[in-house]
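Open the model in your viewer and keep the selection panel handy. We will go from the whole fold to the core, then to the cavities and a few single residues.

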Amino acid sequence: MKKILLSLLVLFSLHTTAQTIKVAAAANLRYILEEIKTNYVKLNPKTHLVLTIGSSGTLYQQIINGASHDIFMAADKIFPEKLKAQGAVIGEVKTYAYGKLAIWSNSVDVKSMNILLSESVKHIAVAKPDLAPYGERAIQCLKYYHLYDQVKDKLVFADNISQAAQFAQTGNAEVGILALSLVKTPEMKGSYIMPDPKSYKPVEQAMVLVKGFQYNPGAAKFMKFVMSAACKPIFEKYGYIVP
C-alpha cells in the first residue's frame, strides 16, 4: 500500500512540476517553431514542448489514427477543418499566418520562372501535392505560368516541403519550389525569386487543439502565445504574413 501511495505521489509531483505539450507541425514551420519554442520555454521553464514535423496530410492521418498530439499546426486550413468535421478537435480552427512560395537553387542563378525550362535544370523538387499544401500550390503556380506540361517530367516529389528543400540543397534537384520560410534559413545559401502570389491559392495556415484522452490546458496557453504579438516578428522574419 505504501509503495502505491509513493508512486502516486511521484506521479502527482511530476504532473505539477512539468507539463508536456505535443505539437504536430507542418514541415515549413521546422525552423520558426524552434525559435518560438525557445522563447516559450524561457517564459515557462516547467513546460516540455515536443515537436513532430511532417507534411500536413501525414500528420492529419496520424491524428485520425489516434496519435497523441495536443496541437495541430498545418500548412493550410483544410486539414484542421477536416479534423473539426470529424469531431477530433477542441474549439475553433485559428489562422496564424499566410505563407509564400519561392523558387530556389544553389546551383543555377534564379532570375525568372523560365529557369525551370533551362537544360541545366534536370530535376525540380516539390512536395507531394496530395500531402503537402505547399506542393499543391507549386503545381498551381506552374500551371498559372503555363510551365507545368513543359516541366512535369522534371518534377521530383518529396514527402514534405522540408524534404523538398533538402533535395534542392543537396543537389538531388537543381531547383526547388519551396516555402519561403525555409529559403530564409541561414543554411539555404543560393538565389531565389518569389512567384506572383496570384499564381497560387493563398497559403492560409491554421492550427487547432486536438481532442485527446485528457484536456491539456498548457496546449491552449501555447496556442495563445503563438498567436500573440510576441511571435509576430519571428513569423515575419521568415517571410510570413501575420493576420
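Helices (H or I, at least four residues) and strands (E, at least two) are DSSP runs, numbered from the N terminus. Colour by these elements and you will find 10 helices and 10 strands in the protein. This is a predicted model, in which local features need pLDDT of at least 70 and side-chain atom pairs count only at pLDDT 80 or more, while totals for chains, interfaces and linings use all residues. Residues are numbered from 1 along each chain as its sequence is written, and side-chain values use heavy atoms, with hydrogens and water left out.

**The whole protein**

Zoom out. Along the principal axes, the C-alpha atoms fill a box of roughly 75 × 35 × 35 Å. Now switch on the surface: the accessible area is about 12,300 Å², and 56% of this belongs to carbon and sulfur atoms (Shrake-Rupley method, 1.4 Å probe; for residues, only the protein chains shown count as cover). Of the 243 residues, 47% count as buried; buried means under 20% relative accessible area, exposed over 50%, and partly exposed in between (1.4 Å probe, protein chains only). Contact means heavy atoms within 4.5 Å. Among contacts between residues at least 6 apart in sequence, 77% join residues at least 24 apart.

**The nonpolar cores**

Next, select Val-23, Ile-36, Met-73, Leu-116, Phe-222 and Phe-235, the residues with the most contacts inside the largest nonpolar core, which has 70 residues. Such a core is a set of buried Ala, Val, Leu, Ile, Met, Phe, Trp, Tyr and Cys residues joined through side-chain atoms within 4.5 Å. Centre on Phe-235. Which residues is Phe-235 in contact with, leaving aside its neighbours within four places in sequence? They are Leu-29, Ile-32, Ile-36, Tyr-96, Ala-97, Val-226, Tyr-240 and Val-242. A second, separate core has 14 residues, including Ala-24, Ala-74, Val-89 and Ala-206.

**The cavities**

Now look for enclosed space. On a 1 Å grid over the protein atoms alone, a cavity is a set of points where a 1.4 Å probe fits but cannot get out, and lining residues have an atom within 4 Å of a point. Grid points are joined across faces, edges and corners, and a volume is the space filled by probe spheres set on the points. There are two cavities of 30 Å³ or more.

- The largest has a volume of about 60 Å³. Select Asp-70, Ile-90, Leu-209, Val-210, Gly-212, Gln-214, Tyr-215, Asn-216 and Ala-219 to show its lining.
- The second largest has a volume of about 50 Å³. Among its lining residues are Ala-26, Asn-28, Ser-55, Pro-133, Tyr-134 and Ile-161.

**Three single residues**

Move to helix H5 (residues 133–144) and pick Ile-139. Ile-139 counts as buried because its relative accessibility is 12%. Beyond its neighbours within four places in sequence, Ile-139 is in contact with Pro-129, Tyr-148, Leu-155 and Phe-157.

Follow the chain into the loop between H5 and helix H6 (148–151), where His-146 lies. His-146 has a positive phi of about 60 degrees although it is not a glycine. With a relative accessible area of 66%, His-146 is exposed.

For the last stop, go to helix H4 (residues 78–85) and select Ala-85. Buried or exposed, how does Ala-85 count? Ala-85 is exposed, at 70% relative accessibility. Draw a C-alpha to C-alpha distance from Ala-85 to Tyr-240: the two are 155 residues apart in sequence and 27 Å apart in space.

Key. 1 Å grid on protein atoms, 1.4 Å probe; cavity = no way out; pocket = protein on both sides within 12 Å on 5 of 7 lines; lining within 4 Å.
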